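Colleague: I am new to this one. Could you take me through it, question by question?

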Amino acid sequence: MKALVAGLAVATALGLAAPALASEQHPTLAEIEGEVMCPVCPGETLDESTAPAADRERALIRSLIAKGYSKSEIEEKLVDEYGPQILAAPPKHGFNLLAWVLPIAGVIGGALALGYLAWHWSRGRGEPEPHSVPRAGAAPDDPVDPELEQRLDDELARFDT
Amino acid sequence: MARAKLLGQALAVALVAALVVLLIWKVAHGSGRTAQPENFTLPRLDRSGELELASLRGKVVVLNFWASWCIPCKQEARTFEEVSRQYRSKGVVVLGVDSKDASGDARSFMRRYGVTYPVVHDGAGDLWGSYGISFLPVTRVLDRKGKYFGESFDGGPVPAADLRQRINAALRA
(Lines give C-alpha, C1' and ligand atoms only; values in the text may rest on other atoms or scores of the structure.)
Protein backbone atom coordinates (compact mmCIF):
# COMPACT_ATOMS: atom_id res chain seq x y z
CA MET A 1 0.00 0.00 0.00
CA LYS A 2 2.80 2.37 0.97
CA ALA A 3 4.58 1.62 -2.29
CA LEU A 4 1.38 2.39 -4.23
CA VAL A 5 0.96 5.77 -2.49
CA ALA A 6 4.61 6.64 -3.06
CA GLY A 7 4.29 5.64 -6.73
CA LEU A 8 1.20 7.82 -7.15
CA ALA A 9 2.96 10.77 -5.50
CA VAL A 10 5.96 10.43 -7.81
CA ALA A 11 3.70 10.11 -10.87
CA THR A 12 1.75 13.23 -9.85
CA ALA A 13 4.94 15.21 -9.28
CA LEU A 14 6.29 14.14 -12.67
CA GLY A 15 2.95 14.94 -14.29
CA LEU A 16 3.09 18.48 -12.89
CA ALA A 17 6.77 19.01 -13.55
CA ALA A 18 6.78 17.91 -17.20
CA PRO A 19 4.58 20.74 -18.58
CA ALA A 20 6.47 23.32 -16.49
CA LEU A 21 9.77 22.06 -17.89
CA ALA A 22 8.37 22.08 -21.43
CA SER A 23 7.15 25.67 -20.93
CA GLU A 24 10.59 26.70 -19.66
CA GLN A 25 12.49 25.06 -22.52
CA HIS A 26 10.03 25.78 -25.36
CA PRO A 27 7.93 28.80 -24.38
CA THR A 28 5.20 30.23 -26.57
CA LEU A 29 4.50 33.90 -27.18
CA ALA A 30 1.10 33.54 -25.48
CA GLU A 31 2.73 32.23 -22.27
CA ILE A 32 5.26 35.04 -22.09
CA GLU A 33 2.81 37.81 -23.07
CA GLY A 34 0.93 37.36 -19.80
CA GLU A 35 4.09 37.55 -17.71
CA VAL A 36 5.67 40.74 -19.07
CA MET A 37 4.50 44.33 -19.29
CA CYS A 38 3.97 46.62 -22.24
CA PRO A 39 6.86 49.14 -22.11
CA VAL A 40 4.71 52.25 -22.61
CA CYS A 41 1.31 51.33 -21.14
CA PRO A 42 1.20 51.73 -17.33
CA GLY A 43 -0.31 48.70 -15.61
CA GLU A 44 -0.91 46.72 -18.82
CA THR A 45 0.62 43.37 -19.54
CA LEU A 46 1.80 42.72 -23.08
CA ASP A 47 -1.21 40.56 -23.94
CA GLU A 48 -3.54 43.46 -23.09
CA SER A 49 -1.77 46.06 -25.20
CA THR A 50 -2.20 47.07 -28.82
CA ALA A 51 0.42 49.85 -28.68
CA PRO A 52 3.07 49.94 -31.42
CA ALA A 53 5.75 49.54 -28.74
CA ALA A 54 4.03 46.34 -27.60
CA ASP A 55 4.09 45.04 -31.18
CA ARG A 56 7.85 45.60 -31.29
CA GLU A 57 8.25 43.77 -27.98
CA ARG A 58 6.20 40.85 -29.34
CA ALA A 59 8.40 40.77 -32.45
CA LEU A 60 11.48 40.62 -30.23
CA ILE A 61 10.02 37.74 -28.19
CA ARG A 62 9.07 35.86 -31.37
CA SER A 63 12.61 36.22 -32.72
CA LEU A 64 14.09 34.98 -29.44
CA ILE A 65 11.74 31.97 -29.40
CA ALA A 66 12.75 31.22 -32.99
CA LYS A 67 16.41 31.31 -31.91
CA GLY A 68 15.68 28.67 -29.27
CA TYR A 69 15.92 30.85 -26.14
CA SER A 70 14.37 29.40 -22.97
CA LYS A 71 11.71 31.33 -21.04
CA SER A 72 14.21 32.53 -18.41
CA GLU A 73 16.67 33.61 -21.10
CA ILE A 74 13.94 35.57 -22.89
CA GLU A 75 12.96 37.28 -19.64
CA GLU A 76 16.61 38.13 -18.96
CA LYS A 77 16.94 39.61 -22.44
CA LEU A 78 13.77 41.68 -21.94
CA VAL A 79 15.12 42.98 -18.62
CA ASP A 80 18.38 43.93 -20.37
CA GLU A 81 16.44 45.85 -23.00
CA TYR A 82 13.62 47.43 -21.01
CA GLY A 83 14.71 47.25 -17.37
CA PRO A 84 13.37 45.08 -14.52
CA GLN A 85 9.95 46.75 -14.55
CA ILE A 86 9.18 44.90 -17.78
CA LEU A 87 8.43 41.79 -15.68
CA ALA A 88 4.81 41.56 -14.52
CA ALA A 89 5.92 39.90 -11.26
CA PRO A 90 9.13 40.77 -9.41
CA PRO A 91 11.95 38.19 -9.50
CA LYS A 92 12.14 35.86 -6.50
CA HIS A 93 15.59 36.91 -5.33
CA GLY A 94 17.36 39.84 -3.70
CA PHE A 95 15.33 42.79 -2.47
CA ASN A 96 12.43 41.82 -4.76
CA LEU A 97 11.94 38.68 -2.71
CA LEU A 98 10.28 40.93 -0.13
CA ALA A 99 7.38 41.44 -2.53
CA TRP A 100 6.70 37.69 -2.31
CA VAL A 101 7.50 37.16 1.36
CA LEU A 102 5.76 40.19 2.90
CA PRO A 103 2.19 39.34 1.81
CA ILE A 104 2.57 35.77 3.11
CA ALA A 105 4.12 37.04 6.34
CA GLY A 106 1.28 39.56 6.60
CA VAL A 107 -1.38 36.89 6.22
CA ILE A 108 0.32 34.60 8.77
CA GLY A 109 0.90 37.50 11.18
CA GLY A 110 -2.70 38.64 10.78
CA ALA A 111 -4.01 35.13 11.43
CA LEU A 112 -1.82 34.81 14.53
CA ALA A 113 -2.94 38.22 15.83
CA LEU A 114 -6.57 37.34 15.18
CA GLY A 115 -6.16 33.98 16.93
CA TYR A 116 -4.50 35.61 19.91
CA LEU A 117 -7.22 38.23 20.19
CA ALA A 118 -9.96 35.59 19.91
CA TRP A 119 -8.27 33.47 22.59
CA HIS A 120 -7.79 36.49 24.86
CA TRP A 121 -11.37 37.62 24.36
CA SER A 122 -12.89 34.20 25.09
CA ARG A 123 -10.62 33.80 28.14
CA GLY A 124 -11.66 37.20 29.47
CA ARG A 125 -15.36 36.39 29.13
CA GLY A 126 -14.96 33.13 31.11
CA GLU A 127 -13.64 34.91 34.22
CA PRO A 128 -16.10 36.34 36.83
CA GLU A 129 -16.63 40.07 36.82
CA PRO A 130 -14.69 41.71 39.66
CA HIS A 131 -17.80 43.44 41.08
CA SER A 132 -20.37 40.77 40.31
CA VAL A 133 -23.04 39.89 42.92
CA PRO A 134 -21.97 36.84 44.94
CA ARG A 135 -24.15 33.76 44.77
CA ALA A 136 -26.58 33.13 47.64
CA GLY A 137 -24.78 31.72 50.64
CA ALA A 138 -21.37 32.67 49.33
CA ALA A 139 -19.18 34.98 51.33
CA PRO A 140 -18.93 38.40 49.76
CA ASP A 141 -15.51 39.52 48.52
CA ASP A 142 -15.79 42.94 50.14
CA PRO A 143 -17.21 43.37 53.67
CA VAL A 144 -20.38 45.48 53.67
CA ASP A 145 -20.31 48.75 55.55
CA PRO A 146 -22.05 47.99 58.94
CA GLU A 147 -23.95 51.27 58.82
CA LEU A 148 -25.25 50.52 55.33
CA GLU A 149 -26.15 46.99 56.41
CA GLN A 150 -28.10 48.32 59.37
CA ARG A 151 -30.03 50.73 57.14
CA LEU A 152 -30.85 47.94 54.74
CA ASP A 153 -32.10 45.73 57.58
CA ASP A 154 -34.28 48.59 58.85
CA GLU A 155 -35.80 49.15 55.43
CA LEU A 156 -36.53 45.45 55.00
CA ALA A 157 -38.05 45.32 58.50
CA ARG A 158 -40.50 48.06 57.43
CA PHE A 159 -41.80 45.76 54.69
CA ASP A 160 -42.25 42.89 57.13
CA THR A 161 -44.51 44.94 59.43
CA MET B 1 -0.76 43.27 29.37
CA ALA B 2 -0.97 47.08 29.43
CA ARG B 3 2.68 47.20 28.44
CA ALA B 4 2.09 44.92 25.45
CA LYS B 5 -0.87 47.05 24.38
CA LEU B 6 1.26 50.20 24.61
CA LEU B 7 4.01 48.54 22.58
CA GLY B 8 1.50 47.51 19.91
CA GLN B 9 0.13 51.03 19.71
CA ALA B 10 3.64 52.48 19.45
CA LEU B 11 4.48 50.05 16.64
CA ALA B 12 1.31 50.94 14.75
CA VAL B 13 2.01 54.67 15.09
CA ALA B 14 5.63 54.15 13.97
CA LEU B 15 4.46 52.15 10.94
CA VAL B 16 1.97 54.83 9.89
CA ALA B 17 4.60 57.55 10.40
CA ALA B 18 7.10 55.60 8.26
CA LEU B 19 4.52 55.22 5.47
CA VAL B 20 3.74 58.95 5.56
CA VAL B 21 7.47 59.82 5.38
CA LEU B 22 7.88 57.38 2.45
CA LEU B 23 4.92 58.97 0.65
CA ILE B 24 6.29 62.49 1.14
CA TRP B 25 9.74 61.42 -0.06
CA LYS B 26 8.26 59.74 -3.13
CA VAL B 27 6.19 62.81 -4.02
CA ALA B 28 9.18 65.13 -3.48
CA HIS B 29 11.87 63.06 -5.21
CA GLY B 30 10.18 60.17 -6.94
CA SER B 31 9.28 60.79 -10.55
CA GLY B 32 8.85 64.53 -10.61
CA ARG B 33 10.14 66.69 -13.40
CA THR B 34 13.34 68.46 -12.40
CA ALA B 35 13.84 72.20 -13.03
CA GLN B 36 17.06 71.58 -14.94
CA PRO B 37 18.22 68.61 -17.01
CA GLU B 38 19.22 65.64 -14.90
CA ASN B 39 22.66 64.31 -15.73
CA PHE B 40 22.81 60.73 -16.99
CA THR B 41 25.28 58.16 -18.19
CA LEU B 42 23.83 55.67 -20.64
CA PRO B 43 25.14 53.02 -23.04
CA ARG B 44 25.67 54.20 -26.60
CA LEU B 45 23.95 52.63 -29.58
CA ASP B 46 26.05 54.29 -32.29
CA ARG B 47 29.23 52.73 -30.93
CA SER B 48 30.43 50.83 -27.85
CA GLY B 49 30.81 52.49 -24.47
CA GLU B 50 28.77 55.01 -22.54
CA LEU B 51 28.05 58.70 -22.82
CA GLU B 52 27.54 61.14 -19.94
CA LEU B 53 25.43 64.22 -20.62
CA ALA B 54 27.73 66.37 -18.46
CA SER B 55 30.63 65.57 -20.81
CA LEU B 56 28.93 67.75 -23.44
CA ARG B 57 29.06 70.85 -21.23
CA GLY B 58 30.34 73.81 -23.28
CA LYS B 59 28.30 72.78 -26.33
CA VAL B 60 24.71 73.43 -27.26
CA VAL B 61 22.93 70.08 -27.02
CA VAL B 62 19.80 69.10 -28.91
CA LEU B 63 18.36 66.29 -26.85
CA ASN B 64 15.89 64.21 -28.83
CA PHE B 65 13.93 61.44 -27.08
CA TRP B 66 12.68 58.89 -29.59
CA ALA B 67 11.89 55.21 -30.20
CA SER B 68 11.78 53.01 -33.28
CA TRP B 69 8.06 52.28 -32.80
CA CYS B 70 7.17 55.98 -32.68
CA ILE B 71 5.73 57.16 -36.00
CA PRO B 72 6.47 60.93 -35.67
CA CYS B 73 10.05 59.96 -34.74
CA LYS B 74 10.43 58.45 -38.21
CA GLN B 75 9.09 61.63 -39.78
CA GLU B 76 11.58 63.85 -37.97
CA ALA B 77 14.63 61.55 -38.07
CA ARG B 78 16.11 63.12 -41.21
CA THR B 79 15.66 66.63 -39.79
CA PHE B 80 17.90 65.79 -36.82
CA GLU B 81 20.53 64.26 -39.09
CA GLU B 82 20.52 67.39 -41.27
CA VAL B 83 20.71 69.66 -38.21
CA SER B 84 23.55 67.58 -36.80
CA ARG B 85 25.58 67.86 -40.03
CA GLN B 86 24.80 71.57 -40.38
CA TYR B 87 25.77 72.57 -36.83
CA ARG B 88 28.37 69.98 -35.86
CA SER B 89 31.30 72.31 -36.56
CA LYS B 90 29.62 75.18 -34.69
CA GLY B 91 29.64 73.54 -31.29
CA VAL B 92 26.24 71.83 -31.43
CA VAL B 93 25.66 68.17 -30.59
CA VAL B 94 22.47 66.37 -31.45
CA LEU B 95 22.05 63.59 -28.89
CA GLY B 96 19.38 60.96 -29.44
CA VAL B 97 17.93 59.11 -26.46
CA ASP B 98 16.29 55.89 -27.61
CA SER B 99 13.66 55.26 -25.00
CA LYS B 100 11.45 52.29 -24.03
CA ASP B 101 12.72 50.47 -27.06
CA ALA B 102 14.75 47.38 -27.89
CA SER B 103 18.32 48.18 -28.86
CA GLY B 104 18.18 45.98 -31.98
CA ASP B 105 15.13 47.87 -33.27
CA ALA B 106 16.83 51.16 -32.49
CA ARG B 107 19.97 50.22 -34.45
CA SER B 108 17.84 49.17 -37.43
CA PHE B 109 16.09 52.55 -37.24
CA MET B 110 19.44 54.38 -37.14
CA ARG B 111 20.71 52.48 -40.19
CA ARG B 112 17.50 53.08 -42.09
CA TYR B 113 17.49 56.83 -41.47
CA GLY B 114 21.27 57.29 -41.72
CA VAL B 115 21.75 58.55 -38.16
CA THR B 116 25.37 59.55 -37.56
CA TYR B 117 25.00 61.57 -34.35
CA PRO B 118 25.43 59.96 -30.91
CA VAL B 119 22.49 57.94 -29.58
CA VAL B 120 22.15 56.45 -26.10
CA HIS B 121 19.77 53.74 -24.92
CA ASP B 122 17.30 54.29 -22.07
CA GLY B 123 15.32 51.08 -22.55
CA ALA B 124 13.51 51.34 -19.22
CA GLY B 125 12.57 54.98 -19.77
CA ASP B 126 14.26 55.98 -16.51
CA LEU B 127 14.61 59.57 -17.71
CA TRP B 128 10.91 60.04 -18.43
CA GLY B 129 10.12 61.21 -14.91
CA SER B 130 12.85 63.80 -14.47
CA TYR B 131 12.48 65.13 -18.05
CA GLY B 132 8.68 65.25 -17.76
CA ILE B 133 8.08 62.93 -20.69
CA SER B 134 4.78 61.12 -21.12
CA PHE B 135 4.93 60.45 -24.86
CA LEU B 136 7.41 60.53 -27.75
CA PRO B 137 9.06 62.32 -29.41
CA VAL B 138 10.23 65.12 -27.12
CA THR B 139 13.09 67.48 -27.96
CA ARG B 140 14.91 69.88 -25.62
CA VAL B 141 17.68 72.35 -26.40
CA LEU B 142 20.33 72.78 -23.71
CA ASP B 143 22.65 75.79 -23.62
CA ARG B 144 26.42 75.64 -23.15
CA LYS B 145 26.00 75.55 -19.37
CA GLY B 146 23.82 72.48 -19.61
CA LYS B 147 20.59 74.34 -18.76
CA TYR B 148 17.30 74.16 -20.62
CA PHE B 149 17.10 76.78 -23.37
CA GLY B 150 13.46 77.49 -24.15
CA GLU B 151 10.46 75.21 -23.91
CA SER B 152 10.41 71.64 -25.13
CA PHE B 153 9.20 70.56 -28.55
CA ASP B 154 6.57 68.03 -27.51
CA GLY B 155 5.25 65.59 -30.05
CA GLY B 156 6.44 65.62 -33.60
CA PRO B 157 7.62 65.94 -36.16
CA VAL B 158 9.70 68.80 -34.81
CA PRO B 159 9.27 72.07 -36.81
CA ALA B 160 12.70 72.31 -38.47
CA ALA B 161 12.69 76.11 -38.86
CA ASP B 162 11.75 76.61 -35.18
CA LEU B 163 14.44 74.17 -34.08
CA ARG B 164 17.13 75.96 -36.10
CA GLN B 165 15.97 79.31 -34.72
CA ARG B 166 16.25 77.94 -31.18
CA ILE B 167 19.73 76.54 -31.82
CA ASN B 168 20.93 79.82 -33.32
CA ALA B 169 19.59 81.70 -30.28
CA ALA B 170 21.34 79.27 -27.92
CA LEU B 171 24.61 79.73 -29.81
CA ARG B 172 24.30 83.50 -29.50
CA ALA B 173 23.42 83.41 -25.81
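Modeller: Helices and strands here are DSSP runs, with at least four residues for a helix and at least two for a strand. Keep in mind that this is a predicted model.

Colleague: How many helices and strands are there in chain A?

Modeller: Read along the sequence, chain A runs α-α-α-α-α-α. The count of strands is zero, and the count of helices is six.

Colleague: What percentage of the residues in chain A is buried?

Modeller: Buried means under 20% relative accessible area. Chain A has 161 residues. The buried part of chain A is 19%.

Colleague: What share of the contacts in chain A with a separation of 6 or more comes from residues 24 or more positions apart?

Modeller: A contact needs heavy atoms within 4.5 Å. Among the chain A contacts with a separation of 6 or more, residues 24 or more positions apart account for 44%.

Colleague: How many disulfides are there over all chains?

Modeller: A disulfide is a covalent bond between the sulfur atoms of two cysteines. A:Cys38 and A:Cys41 form one, with sulfur atoms 2.0 Å apart. B:Cys70 and B:Cys73 form another, with sulfur atoms 2.1 Å apart. Over all chains the count is two.

Colleague: Which hand does the disulfide of A:Cys38 and A:Cys41 have?

Modeller: Both A:Cys38 and A:Cys41 are buried. The torsion about their S-S bond is about 55°, so the disulfide is right-handed.

Colleague: And what is the hand of the link of B:Cys70 and B:Cys73?

Modeller: B:Cys70 and B:Cys73 are both buried too. About their S-S bond the angle is 85°. That link is right-handed.

Colleague: Now the two chains together. What area do chain B and chain A bury between them?

Modeller: The size of an interface is often given as the accessible area lost when the parts come together. Here twelve residues of chain B are in contact with twelve residues of chain A. Carbon and sulfur atoms carry 56% of the buried area, and the total is about 970 Å².

Colleague: Which side chains meet in a salt bridge between chain B and chain A?

Modeller: The count between these chains is one salt bridge. Its N to O distance is 2.7 Å. The partners are B:Asp105 and A:Arg56.

Colleague: Which helix gives the largest share of the side of chain B that touches chain A?

Modeller: Three residues of that side come from one helix, residues 103-112 of chain B. This is helix α3.

Colleague: How do the residues on that side of chain B divide?

Modeller: Between the chains, four residue pairs are in polar contact. The side of chain B that touches chain A divides into four nonpolar, four polar and four charged residues.

Colleague: Is B:Asn64 buried or exposed?

Modeller: B:Asn64 lies in strand β3 of chain B, residues 60-66. Its contacts beyond four places in sequence include B:Phe80, B:Leu95 and B:Tyr117. The relative accessibility of B:Asn64 is 2%, so this residue counts as buried.

Colleague: With which side chain does B:Asn64 make a polar contact?

Modeller: The distance is 3.1 Å. B:Asn64 also touches B:Val97 and B:Pro137, among others. The polar partner is the side chain of B:Glu76.

Colleague: How many salt bridges are there over all chains?

Modeller: Side chains of opposite charge can pair when their charged atoms come close. B:Arg44 and B:Asp46 do so, with their closest N and O atoms 2.8 Å apart. The total over all chains is eight.

Colleague: Why are A:Glu81 and A:Lys77 separated by about one helical turn?

Modeller: A:Glu81 forms a salt bridge with A:Lys77, with 3.7 Å between the closest N and O atoms. A:Glu81 is buried at 6% relative accessible area, whereas A:Lys77 is partly exposed at 29%. The one-turn separation follows because they are four residues apart in helix α4 of chain A.

Colleague: B:Glu81 and B:Arg85 meet in a salt bridge too. Is B:Arg85 buried or exposed?

Modeller: Both residues lie in helix α2 of chain B, four residues apart. B:Glu81 has 6% relative accessible area, so B:Glu81 is buried. B:Arg85 has 52%, so B:Arg85 is exposed.

Colleague: Which residues do salt bridges with shared partners join into one network?

Modeller: The links form through shared partners. The network holds A:Glu33, A:Asp55 and A:Arg58.

Technical notes. Residues numbered from 1 in each chain as written. Chains lettered and ligands numbered in written order. Predicted model: local features only at pLDDT ≥ 70, side-chain atom pairs only at ≥ 80, totals over all residues. Heavy atoms only, no water. Disulfide = S-S within 2.5 Å. Buried < 20%, exposed > 50% of the residue type's maximum accessible area, 1.4 Å probe, protein only. Buried area = accessible area lost by both parts, 1.4 Å probe. Salt bridge = Lys/Arg side-chain N within 4 Å of Asp/Glu carboxyl O. Polar contact = N/O pair within 3.5 Å; in protein donor to acceptor, adjacent residues only side chain to side chain. Nonpolar A, V, L, I, M, F, W, Y, C, P; charged D, E, K, R; others polar.
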